[in-house]
Amino acid sequence: MAPPTPVKTDVIVVGAGLSGLRAAVRLHEAGLSVVVLEAMDRVGGKTCSVPASSLGGVVDLGAAWLNDTNQSEMYALAREFGFDLIEQRAAGDDVEQRPDGSTIRLPYGTPDMTNPEEVEAAHKFLATFVAHVEASNLENPHLGPGAAELDAMTFGEYAERYCSGSVGAFVASSLSVAFLGVEPSELSSLFMISYIKSGTGLENMSSDQKDGGQYLRNRQGNQTFSVRLAEKLPGDTVRLSTAVTKITQQPESGCLVETANSGPVFEAERVIVSVPTPLYSLVTFEPPLPESKQNLGDNTALGYYAKTIFVYDRPWWREAGLSGVMRSASGPISFSRDTCSEADRQYSITCFIVGDPGRAWSKWSRAERRRLVTAQFEAVMCAAAREKSVDVPAPVNVIEKEWAKDPWARGAPSPVLMPGGLCGDPGKAICQPFDRIHFVGTETAMVWKGYMEGAVRSGVRGAEEVIAVLGSGKS
């Protein structure tokens, strides 16, 4: 049987998430022909928006927030597409679940830490951490002060060094689990410092308010960014359910790209790979990736990040003066946010199940997972409302998403590097092309890595690399 005739194009983009589609649009605008190959049956990658319930509105199962100041690329797209942005609720009381199961109401954004010595220790540790963030090198983390020493230790070891005891361990875990879905022992302390630096600092990354990482939500759902980007491309550009299995750089010129199940074969001058670094191993590269790139795939890992969203016919927690935020160190729910869209009469609280508590929860059956999160939510959030004599209705829908069980995601939100990674060849190679193959993705971004902003910035960067070689209007 004769091999299939390759479909020829200037550039092939592997992956139809935000980074891949933003690259494809930029290439198309430059006059280059492009084909986007996506393994999933939809565009969007780790943005995924679904109907909240039969009552209307949508909820986001993946990336959820942007802002209108230091996330300029995403905000520009939101304005271009005419999306309605919703300010994150930052009012009312939070509810914290203590290790013994008891709960306490606290003013919004206030941690449950009353021991003066513990408060002082936490503040000192955070001040040290912020000082390391501010001193670090944004463009070249391995060249920053003390980089080698910081990269040689885990974030857990960093916490032990600068704040020994339970306070340091608690603060470090709160940061790494919330931001990345991993425990402090699972990532390099330099990587954690660099990650926070890329997001304009700890204060902004932690904030639900103006300039913060959790300031604005998209009423239309964040997957719609990818849908609208795809609509800017010719109709046959994006090929869904088309998993790439092999990329061959041919001796003379160009690349041959093969797809699963004896699917179509494509040929292009350049390829842009827009898949998470831990998933590089799913593709055979011929010739093989250089050792630094292979080590990058072997030395990065994705965290455990899942959501359970409780949807209601009214925002009863607001009636009780609650913010919609609950926190727990024991889980399975680690924290939550109000994710309502009042214009759609969509009233929901999104619960985040992350890190080790999430991994333990994930092992149960779907029915048992539902029972466990519902029991905890009832004991914490619903009980706090009932204490104020507020009637709490049954949810009209409960939605669950485990990114670790998605075969084309395998975790979320963004890959982390283990000790030695950033100062070694893997960290230095993260953005480097391999001959005619270029690499993008939110973890390769200099600014807001791990976020939608980082994804689109990396896509533009990859496209510009290709345009610099091929020029504009080749076809």
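In this predicted model, strand β4 provides the largest share of the lining of the largest cavity, namely 3 residues. The volume of this cavity is about 150 Å³, and the count of cavities of 30 Å³ or more comes to 1. Its lining is made up of 16 residues, of which Val58, Val59, Asp60, Arg217 and Thr339 are the closest to the centre of the cavity. Two or more lining residues are given by each of the elements β4 (58–60), β8 (216–218), β15 (305–312) and β18 (347–354). When the lining of the largest cavity is divided by class, 7 residues are nonpolar, 5 are polar and 4 are charged.

Two of the strands that contribute to this lining, β15 and β18, also carry the partners of an aromatic pair, with Tyr305 in strand β15 and Phe352 in strand β18. The rings of Tyr305 and Phe352 lie 6.1 Å apart, centre to centre, with 75° between their planes, and the arrangement is edge-to-face. Planes over 60 degrees apart count as edge-to-face, so the angle of 75° places the pair of Tyr305 and Phe352 in that class. The two residues are 47 residues apart, and the pair thus links distant parts of the chain. In total, the structure holds 20 aromatic pairs.

Open space was examined as well, and the second largest pocket encloses about 510 Å³. Its lining consists of 28 residues, and those closest to the centre of the pocket are Glu139, Ile430, Cys431, Thr444 and Ala445. At least two lining residues are supplied by each of α7, β20 (416–417), α14 (425–428) and α15 (452–470), and among these helix α15 gives the most, with 3 residues. By class, 13 residues of the lining of the second largest pocket are nonpolar, 9 are polar and 6 are charged.

Helix α7, which supplies residues to the lining of the second largest pocket, spans residues 189–198 and packs against helix α3, which spans residues 116–135. The axes of α3 and α7 are 9 Å apart and meet at an angle of about 70°. Because angles from 65 to 115 degrees count as roughly perpendicular, α3 and α7 are described as roughly perpendicular to each other. On the side of α3 the contact is made by Phe129, His132, Val133 and Glu134, while on the side of α7 it is made by Met192, Ile193, Ile196 and Lys197. The residues of this contact comprise 5 nonpolar, 1 polar and 2 charged.

Methods. Residues are numbered from 1 along each chain as its sequence is written. This is a predicted model: local features need pLDDT of at least 70, side-chain atom pairs count only at pLDDT 80 or more; totals for chains, interfaces and linings use all residues. Side-chain values use heavy atoms; hydrogens and water are left out. Axes are lines fitted to C-alpha atoms, for helices over the stretch in contact, and angles run from 0 to 180 degrees between N-to-C directions. Helices (H or I, at least four residues) and strands (E, at least two) are DSSP runs, numbered from the N terminus. Angles under 35 degrees count as roughly parallel, over 145 as roughly antiparallel, 65 to 115 as roughly perpendicular and the rest as oblique. Contact means heavy atoms within 4.5 Å. Ala, Val, Leu, Ile, Met, Phe, Trp, Tyr, Cys and Pro count as nonpolar, Asp, Glu, Lys and Arg as charged, and the others, Gly among them, as polar. On a 1 Å grid over the protein atoms alone, a cavity is a set of points where a 1.4 Å probe fits but cannot get out, and a pocket is an open set with protein on both sides within 12 Å along at least five of seven lines; lining residues have an atom within 4 Å of a point. Grid points are joined across faces, edges and corners, and a volume is the space filled by probe spheres set on the points. Rings of Phe, Tyr and Trp (its six-membered ring) pair if their centres lie within 6.5 Å; planes under 30 degrees apart count as stacked, over 60 as edge-to-face and the rest as tilted.
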